[in-house]
Amino acid sequence: MSITTPFTVARAHPGALAVPSAAPGLKDAMRHLVGGVCVITAGTGADRTGATVTSAHSLSMEPETMLVSLNVSSSTLPVVRRFGHYGVSLLADHQQAVADRFAGRGGAKGPERYEGADWTVLETGASLLDGALAIVDCEVERIIEHHSHALVFGAVRAVRIGAGHPLVYSHGRYGAYRAQA
């Protein structure tokens, strides 16, 4: 009786990238991926907080569902759990300062992260960034923890579309994406 695996191992072709003996980890590999930058917000009033992420995307169009990934040790996840909502603000290339604040650069925490920008509230009570490329207001449907992160599934309750060019992130740096015509 032979045992087969559900995958095969392909041999490297000439010119393929060689993997060094001290192979880099997944984090090093994923730095090559260019991601759109979003700010995830939750809570109200003095209980507001949020985080900068590149791990927010649409999961389903019918019904409209967003998925975000948050570190289980973040200050944002407990607030998402408590309030049952979150906002996703897709940042424009001129909003790097907002991304930095919500990433914790400069030491701002909780509601301090909202200073210096204008915010709007749609249906769930989450604050969403005025002037963002798009804002998506979500009600939490399910949270699944797996290792260091939690996947937060959200039913979309409202969407607004702005204009501009997206802020992107790769190799530890921000950039702007300009589509070719």
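**View 1. The open sheet of 7 strands.** In this predicted model, 7 strands form an open sheet in the order 3-2-6-9-10-5-4, and their pairing is antiparallel. The edges are taken by strand 3 (49–53) and strand 4 (56–61); each has a single partner strand, so one side of each is left without a neighbour in the sheet. From one strand to the next, the twist averages 30°.

**View 2. The pairing of strand 9 with strand 10.** Within the order 3-2-6-9-10-5-4, strand 9 (residues 134–146) is joined to strand 10 (residues 149–161) by 12 bridges in the antiparallel sense. One of the bridge partners shown is Leu151 of strand 10, which pairs with Ile144.

**View 3. Helix 2 across the strands.** Helix 2 (residues 76–83) lies across strand 2 (38–42), strand 3, strand 5 (64–71), strand 6 (85–90), strand 9 and strand 10. Relative to strand 9, helix 2 runs at about 100°.

**View 4. The open sheet of 3 strands.** Strands 1, 11 and 12 form an open sheet with antiparallel pairing, in the order 1-11-12. Strand 1 and strand 12 stand at the edges with a single partner strand each, and therefore one side of each lacks a neighbour in the sheet. Strand 1 (residues 35–36) is held to strand 11 (residues 167–170) by 2 bridges, and the two run antiparallel. Here Val168 of strand 11 is the bridge partner of Gly36, and Val168 also stands opposite Gly175 in strand 12.

**View 5. The hairpin of strand 11 and strand 12.** Strand 11 pairs with strand 12 (residues 173–176) over 4 bridges in the antiparallel sense. Tyr174 in strand 12 is the bridge partner of Tyr169. The hairpin has 2 residues between the strands, and His171 adopts a positive phi near 55°.

**View 6. Aromatic rings around Phe102.** The count of aromatic pairs in the model comes to 4. One of them is formed by Phe102 and Trp119, whose rings are tilted, at 5.6 Å centre to centre and with 55° between the planes. Phe102 belongs to helix 3 (residues 96–102) and Trp119 to strand 7 (residues 119–121), so this pair ties together parts that are 17 residues apart in sequence. Both Phe102 and Trp119 are buried. Ring pairs link these two residues and Tyr114 into a cluster.

**View 7. Arg48 over the ring of Tyr114.** Tyr114, a member of the cluster with Phe102 and Trp119, has the charged end of Arg48 over its ring. The distance from this charged end to the ring centre is 4.0 Å.

Conventions:
Residues are numbered from 1 along each chain as its sequence is written. This is a predicted model: local features need pLDDT of at least 70, side-chain atom pairs count only at pLDDT 80 or more; totals for chains, interfaces and linings use all residues. Side-chain values use heavy atoms; hydrogens and water are left out. Two strands pair if DSSP finds at least two bridges between them. Axes are lines fitted to C-alpha atoms, for helices over the stretch in contact, and angles run from 0 to 180 degrees between N-to-C directions. Contact means heavy atoms within 4.5 Å. Rings of Phe, Tyr and Trp (its six-membered ring) pair if their centres lie within 6.5 Å; planes under 30 degrees apart count as stacked, over 60 as edge-to-face and the rest as tilted. Buried means under 20% relative accessible area, exposed over 50%, partly exposed in between (1.4 Å probe, protein chains only). A charge sits over a ring if NZ of Lys or CZ of Arg is within 6 Å of the ring centre and within 35 degrees of the ring normal.
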